[in-house]
Every structure is written in C-alpha cells, then in structure tokens.
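This report goes through selected features of one protein model, moving from the packing of helices to individual residues. The sequence and the structure are shown first, and the description follows.

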Amino acid sequence: MSGGNVGRDGAGGADGGRADLRKDAPPDTPQGTAEDPARGAAPEDGDDGRTATPSWIRELDMALTVYPQVLLTGNVRDQYLLPDDHAAGSSPTLAPYTLSGVIESLCMARGYGALAFVDQVNDRIALLRLSATLQEVPEVIREFAERDERWRRGGGAGGSAGGSDDEDEPDMLDRLRDAMVGVVRHPGPPVGLVVPYAARLGSARAPVAGEAARLFAAAEELGHTARPVQGSTVVTPYNTVFWVVERQEDLPMEFAVGSRAVRVINVPQPPHDQRLAAARHVVGGLARYQAATGGAALDAAETAAAAKALADSSHGMGSSEVMAIGRMALDRSLPVQRLDEAARLYRIGVLDNPWATAALRERIADGERFLNGKVIGQPYAVRRTLEIFMRSAAGLNGAQSSSSPSRPRGTLFLSGPTGVGKTELAKGVAEMILGKDARPIRFDMSEFAEEHARDRLIGAPPGFVGHDAGGELTNAVRANPMSVLLFDEIDKANPRLFDLFLQILEDGRLTDGRGATVYFTECVLVFTSNLGIATTGVTERPGGRGRGTSAGHGGPAADPAADPAGGQAPDPAADPVPQAGDPAQEGSERTGRRRLTRHDDPAVVRQALREAFDLFFNEQIRRPELRNRFGDNFIPMDFMQDKWVPQILDKAIASVAGRIREVHGAELTVADDAWEVLRVEATRRLDHGGRGVLTAVESALVNPLSQEIFRTPPKRGERIEVASVEGDGDGEGYRLEVNRWPG
C-alpha cells in the first residue's frame with residue numbers, strides 16, 4: 001500500500017504543517033551526486049542538488065487544510081521516486097512511492113490519526129492507523145476493521161467479513177457511504193478515506209441510480225457541510241475524502257467535479273528531470289550489478305550519459321516504466337550502455353533493431369546502386385533519400401532540436417510528375433531497410449477525402465459503429481511496429497487528417513479510438529504528391545531561363561474555389577497573362593500559366609515543385625507548422641528523360657522474359673531491330689514518365705506476344721526470338737515476327 005511513511009521538517013511547529021516529503025534532512029544536504037547515481041539525482045546546471053518535490057504533491061499538501069475532498073486524476077497509477085524516509089540519518093537514497101504512499105506520507109506529516117482505503121480486490125475497507133488509537137478511529141471504520149480482523153483469522157472463508165452469510169454483509173456502496181459519513185463527521189484526530197477506483201462506482205455516460213446515486217448525493221452534501229477538525233498542527237486539516245481516477249471524464253455524471261468543496265489535482269506524466277532521477281536510480285543499480293558480475297565498470301561520465309540516454313528514450317513514460325526498463329535490461333542481459341534499446345523494446349515490443357545492425361549500414365552504404373536499380377532516372381532523389389537514412393542510422397535524426405526522441409526514424413515527402421517512380425522509391429526504401437520481401441503499407445489518400453476519414457485511420461470514438469474494430473493505420477502499425485508507411489497523393493486527403501500527421505511527425509505516436517497508444521518510433525513515413533505539375537506560373541526573362549512559381553495540383557491556381565480551408569481565392573488580376581504587343585511589357589518580364597513538361601530545366605522543375613509544396617501548406621490548407629515538420633525532407637523528383645529509356649526498356653523486357661520462363665519454361669529474346677522499335681515507341685510516350693515506357697512495352701510487345709503464345713503454346717526449353725515489331729498503336733495495332741526453336 002505504501003512505499004513508506006515520510007515525515008516533515010518541524011512537525012507540529014509553526015510552519016503550519018509544511019510537508020517536503022523528507023525526514024531529518026538538513027537543508028543543505030544534496031540529494032545525490034554524479035559519483036553515486038543510485039543515491040539520487042545529480043544536480044543539473046543551476047540546480048542546488050536537492051530533489052525537488054513535484055508540484056502536484058505540494059498542491060495536495062496545501063489542499064489538505066482548505067478542501068474536504070480531493071480528486072486526483074492523470075498519472076495516478078505510477079510510482080514516484082522520492083527521498084527514502086527509512087534511510088538512516090540524512091541519507092539521500094531515493095525510493096519509489098505509490099500514490100497511496102504519498103497520501104499516507106502527507107497525512108502523517110499533517111497529524112492525521114488514520115487512513116481508510118477501499119480495497120476492491122478483497123471487497124473491504126482497510127484501516128491504516130497512523131497516530132490514533134483504535135478508540136480514536138471513527139466507529140464505523142473501527143467496526144469494519146474488526147470485521148476484517150475476524151475475516152483474516154477465519155482465512156477469508158465465505159468471501160465476507162467475519163465469515164457471515166453474504167446477505168448479512170452490506171453492499172460495498174452502502175459500506176462506502178457509511179464510511180464516508182463516519183469519516184467526515186469524525187471530531188478528531190483527522191482521518192482520511194481513499195477511494196482508488198472512483199470511476200468504477202457508476203457509468204460515465206448514463207445517470208447512476210440506487211445506492212450509487214445516494215453515495216454521490218451524500219458526497220456532495222458532506223463536501224459543503226464539512227469543517228476542519230482538531231489536529232496537531234497550527235492550521236488544522238479536514239477529514240479528507242480522496243477520490244482517485246485516471247480520466248476525469250470517466251467519473252459518473254453525478255460526481256460534483258465543479259463543486260468548491262472538491263480540489264481537482266492533475267498528476268502529470270513525469271517531466272524530463274524526474275525521468276532523469278529515475279534513470280539514475282536504475283543506472284546506478286545496473287552499473288553496480290554489471291561490475292559485480294565481471295562486466296565493465298563505468299565511470300561517472302559513462303553513468304551520467306547512460307542515465308540521460310534512458311531519460312531521453314523514455315519520453316512519455318512514467319517513472320514505474322523507467323524502472324521496468326531496468327528490469328527488462330537485466331532480464332535480457334543488456335549492458336547499461338544499451339538501455340535505450342531496452343526502452344525501445346518496452347515501448348513497441350520489437351526485439352531486433354535493424355538500425356543498430358552492421359547489415360543495414362552496409363545496405364545504406366550500397367544504397368545508391370541498389371535504389372538507382374529500382375528507380376531509374378532519379379539520381380538526385382536517391383541521393384537525397386540516402387542522406388536522410390544515413391542520418392537515422394547514425395542516430396542523429398532530430399539531433400539539432402530538443403524535440404521528442406520518439407519521432408519516426410525517417411520521413412520523406414516525394415513530389416513529382418506521375419510515372420517517375422515515387423511509389424517505386426518507397427518500395428525500394430522498404431526493401432533496403434526491412435529486407436528483401438518487405439513492402440510498404442500503402443494508403444491511397446484519395447480514399448480519405450471525406451470528413452469522417454479520420455475515423456477510418458484511427459478508429460471510431462466510443463459509442464459509434466465500428467468502435468471495437470480500431471483504425472486502419474493504428475491497427476497496421478500495432479501489428480507491424482517497424483513499417484514503411486506510404487501515404488499516396490497526400491494532397492487529396494481531408495484537411496482534418498493533417499492533425500494526425502502533425503502528431504505523428506512531432507511525437508511519434510497516436511491514440512486510437514479505443515484510447516490505446518500506438519507508437520510510430522520505428523516507422524518510416526513516405527508521402528507522395530504531384531503538386532505543382534498540373535499548372536504552374538512561369539516567368540520568362542529576356543535571354544534567361546523560366547522560373548517556376550507556385551500553383552498546385554488541385555490547388556488555388558487550378559481551382560480557386562476548391563480551397564478546403566476556406567481561404568481567400570487568389571485574384572486572377574494579380575498574375576495577368578500579358579497580351580501580345582502590350583507596350584507595358586516591352587523589355588520587361590513576361591508571366592504566363594502553363595503545365596510543366598520534361599523539356600523544362602530540372603532546376604526550374606524542382607523550384608516549381610518546392611514552391612507548390614510551400615503554397616499548399618501555407619495558403620491552401622493553412623498548416624505551415626506541418627510544412628515545417630517535413631523540413632528538408634521534401635524531395636522533388638525529375639521528369640523522365642530520353643537517356644533513361646534504354647535502362648527502363650531493358651528492365652521491362654527482362655521482366656517479360658522472366659514471366660515466360662516462370663510460366664512456360666521457355667526463353668525469350670528480342671532482336672536489335674525489334675528493340676529499336678520499342679525504344680522509339682517508349683520515347684514517344686515519355687511524357688507519361690516511366691509508366692509510359694511500360695505501357696509501350698505492353699502495347700507493342702506483351703499484347704501481340706500473348707496472341708502468339710495463346711495460339712501456339714511453347715514447350716519447355718523452347719527459345720523464342722522477337723525478330724521485328726511492326727505497326728503502331730494508333731491503327732491496326734502491333735504485329736510481331738517471331739522465330740522459334742525447340743529446346
């Protein structure tokens with residue numbers, strides 16, 4: 001129930017019962033040093049070395065004298081690392097306390113005589129005497145204690161106090177109401193009643209009835225009629241009722257949250273300094289164990305670095321979870337220097353970390369050759385992509401900021417014309433990072449254009465159809481914590497979805513409709529778009545190259561009325577199309593609107609794509625903060641050029657030959673004359689990117705070849721040569737001259 005009783009300086013003195021959760025500690029005694037991290041938190045720069053009592057504990061101490069009821073919410077199931085009152089003399093050793101232990105400590109410091117705790121497991125109300133004799137305890141609590149004693153002596157037989165019949169034992173709600181009335185009206189010494197699972201006393205979404213309704217009505221009235229009682233301090237406390245619930249919204253509707261008699265205190269997740277104190281506590285114990293069992297001994301700098309790494313990697317966790325990470329590291333024989341891996345294992349349950357392997361470093365080092373083989377014609381995009389993953393593999397992702405260490409391993413925003421390999425690059429990244437058979441988890445964002453699409457990704461909220469099914473995105477990441485997530489055509493998603501992406505990019509986690517947290521820490525996020533290709537502003541200067549200006553696909557330039565953010569549509573007069581012979585334009589810039597093509601200079605294309613990207617987030621959806629989260633991870637992809645056609649063509653022909661070998665056991669070759677015809681046809685369709693090359697191969701090779709094989713199926717081992725390709729795609733179609741030899 002308690003991590004120990006903690007006193008206060010000057011108990012019963014003129015300090016008014018001030019509790020600092022520290023007994024017999026001289027005011028100048030430090031709470032720990034870097035030389036012995038297990039003995040507490042070493043001081044940070046500007047710190048006086050004392051372990052500061054969390055503000056919510058100080059607020060709780062204050063509330064005891066001015067509020068008859070206290071509602072504790074938030075991180076109430078955690079453990080709180082505080083100075084150990086049981087240490088001899090002025091020892092600064094830290095010890096973990098439960099919330100019950102904190103309440104007990106403060107109440108003892110304030111001169112409370114006893115505490116009663118509702119025990120839901122054994123269906124009883126337990127008594128803890130602090131300073132009062134049994135006769136000084138409220139009669140109803142004393143009766144419960146006597147029943148419990150008889151029940152314990154009888155071995156708990158029958159499941160009811162004293163071994164009596166169940167029908168003779170009052171219902172728990174009746175007992176709780178009687179206990180609350182007896183506690184609040186007790187003349188002194190002060191006593192407290194702790195209700196640790198208040199949300200279980202009624203439904204949060206429907207009015208309660210019967211004994212539950214009577215209980216909350218009594219609680220509200222008692223809160224307004226309660227008065228301070230006689231105590232051992234100058235400022236006497238109330239007989240206090242402590243309600244404990246994780247989420248305030250889970251309380252029954254009848255609970256008087258807004259009452260002036262109830263102090264609502266939020267127990268926050270521990271900030272970095274408190275996690276650091278817990279991390280030093282863990283590291284100190286592990287370091288001593290490691291040295292005692294023949295492992296490497298750590299000096300002060302190494303222990304401090306290990307503690308900081310654990311505190312950083314446990315962002316969003318409680319102190320009890322930090323200590324659980326230490327137990328997990330001990331169980332898996334992880335050295336102190338790898339506690340961040342234990343934190344990762346605890347968070348998402350992935351045993352193998354590819355980012356820490358030499359194999360991944362080798363694949364990234366060879367990534368330029370590998371990805372250029374997967375995505376032909378995009379050396380610039382491949383280079384930029386590898387820079388991002390080198391940063392992640394080196395452990396420097398987000399190192400320039402103090403942001404959450406839980407952010408995804410990598411984020412790419414691929415922008416470019418259709419058919420240039422955006423999806424293929426995402427597939428290549430998945431294979432490079434996760435292994436040969438890995439594929440990205442793809443979400444076509446054009447399917448998420450409606451306002452309710454958010455529920456499809458994270459799950460419907462409670463009370464709605466499909467609530468128990470969860471969301472497509474959160475379910476996928478929960479099942480595969482290490483994934484490459486591909487959000488295709490992100491600009492077509494409903495603007496409400498961008499709140500989710502902002503949370504993922506910043507904190508690396510989402511809470512689904514069922515309230516469960518899903519972590520994206522080990523994920524790679526790839527967003528694709530063709531913003532800026534459909535229409536763009538181009539400024540022509542005499543003797544100079546064009547400069548692209550922003551206008552996005554589906555954006556204000558293409559459809560000013562389609563701004564989902566309700567923004568001001570751009571004024572057409574602000575970007576006039578100059579008329580021929582206009583004297584005002586003589587010798588000056590000429591501005592016009594046109595579609596980008598593969599004949600534009602690559603630098604112009606990249607600039608236009610970047611400006612369209614900025615315009616989309618700044619003006620169209622008005623989310624510049626999301627654009628900033630992408631940072632320099634925006635990667636423009638070039639139009640496909642003629643010089644890349646032979647490589648794409650050879651790759652496509654090899655794929656066709658491989659399929660014939662797999663299905664029919666025959667070998668396919670293409671003669672030089674036929675290959676040249678295919679190259680010309682592929683180049684003619686290059687405006688559609690690499691996909692146009694594949695379409696040309698399908699039309700001019702696969703379709704007529706399928707007819708030949710359908711009429712005369714090849715035998716195993718047979719050799720088939722496409723000698724020539726005739727015809728065209730606009731007339732009668734293509735015809736092949738085929739030579740065949742038996743195997």
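In this predicted model, Trp56, Ile57, Leu60, Asp61 and Leu64 of helix H1 are in contact with Leu99, Val102, Ile103 and Leu106 of helix H2. Sorted by class, the residues of this contact comprise eight nonpolar, no polar and one charged. H1 spans residues 55-66 and H2 spans residues 99-109, and the two helices pack at an angle of about 45° with their axes 10 Å apart. Because of that angle, H1 counts as oblique to H2, and the crossing in which H1 passes H2 is right-handed.

A second helix pair can be described in the same terms. Helix H3, residues 139-153, packs with helix H4, residues 172-184, at an angle of about 135°, and their axes lie 7 Å apart. That value makes H3 oblique to H4, since an angle has to be over 145 degrees to count as roughly antiparallel. On the H3 side, the residues that meet H4 are Val140, Ile141 and Phe144, while H4 contributes Arg175, Asp178, Ala179, Gly182 and Val183. The contact of H3 with H4 is made up of five nonpolar, one polar and two charged residues.

These helices belong to a protein that has 21 helices and 21 strands. Of its 743 residues, 49% are buried. When contacts between residues at least 6 apart in sequence are considered, 70% of them join residues that are at least 24 apart.

How many disulfides does a search of the whole structure find? The search finds zero, which means that no pair of cysteine sulfur atoms lies within 2.5 Å. Two of the cysteines can nevertheless be placed with respect to the surface: Cys107 has 0% relative accessibility and therefore counts as buried, and Cys523, also with 0% relative accessibility, is likewise buried.

The backbone offers two further points of interest, both of them in loops. Glu489, which is not a glycine, has a positive phi near 55°, and this residue is found in the loop between strand E11 (484-488) and helix H16 (498-507). Arg622 also has a positive phi near 55° in a residue other than glycine, and its loop runs between helix H17 (602-620) and helix H18 (624-630). Are these residues buried, exposed or partly exposed? Glu489 is partly exposed because its relative accessibility is 23%, and Arg622 is partly exposed as well, with a relative accessible area of 38%.

Asp455 lies in helix H14, which covers residues 453-458. With a relative accessible area of 32%, Asp455 counts as partly exposed, because that class lies between the limits of 20% and 50%. Where its neighbours within four places in sequence are left aside, Asp455 is in contact with Ala460, Pro461 and Gly471. One of these partners, Gly471, is 16 residues away from Asp455 in sequence, and the C-alpha atoms of the two are 6.7 Å apart in space.

The accessibility values of the residues discussed individually are collected here.

| Residue | Relative accessibility | Class |
|---|---|---|
| Cys107 | 0% | buried |
| Cys523 | 0% | buried |
| Glu489 | 23% | partly exposed |
| Asp455 | 32% | partly exposed |
| Arg622 | 38% | partly exposed |

Definitions and conventions
Residues are numbered from 1 along each chain as its sequence is written. This is a predicted model: local features need pLDDT of at least 70, side-chain atom pairs count only at pLDDT 80 or more; totals for chains, interfaces and linings use all residues. Side-chain values use heavy atoms; hydrogens and water are left out. Buried means under 20% relative accessible area, exposed over 50%, partly exposed in between (1.4 Å probe, protein chains only). Axes are lines fitted to C-alpha atoms, for helices over the stretch in contact, and angles run from 0 to 180 degrees between N-to-C directions. Helices (H or I, at least four residues) and strands (E, at least two) are DSSP runs, numbered from the N terminus. Angles under 35 degrees count as roughly parallel, over 145 as roughly antiparallel, 65 to 115 as roughly perpendicular and the rest as oblique. A crossing is left-handed if the near helix is turned anticlockwise from the far one by less than a right angle, and right-handed if clockwise. Contact means heavy atoms within 4.5 Å. Ala, Val, Leu, Ile, Met, Phe, Trp, Tyr, Cys and Pro count as nonpolar, Asp, Glu, Lys and Arg as charged, and the others, Gly among them, as polar.
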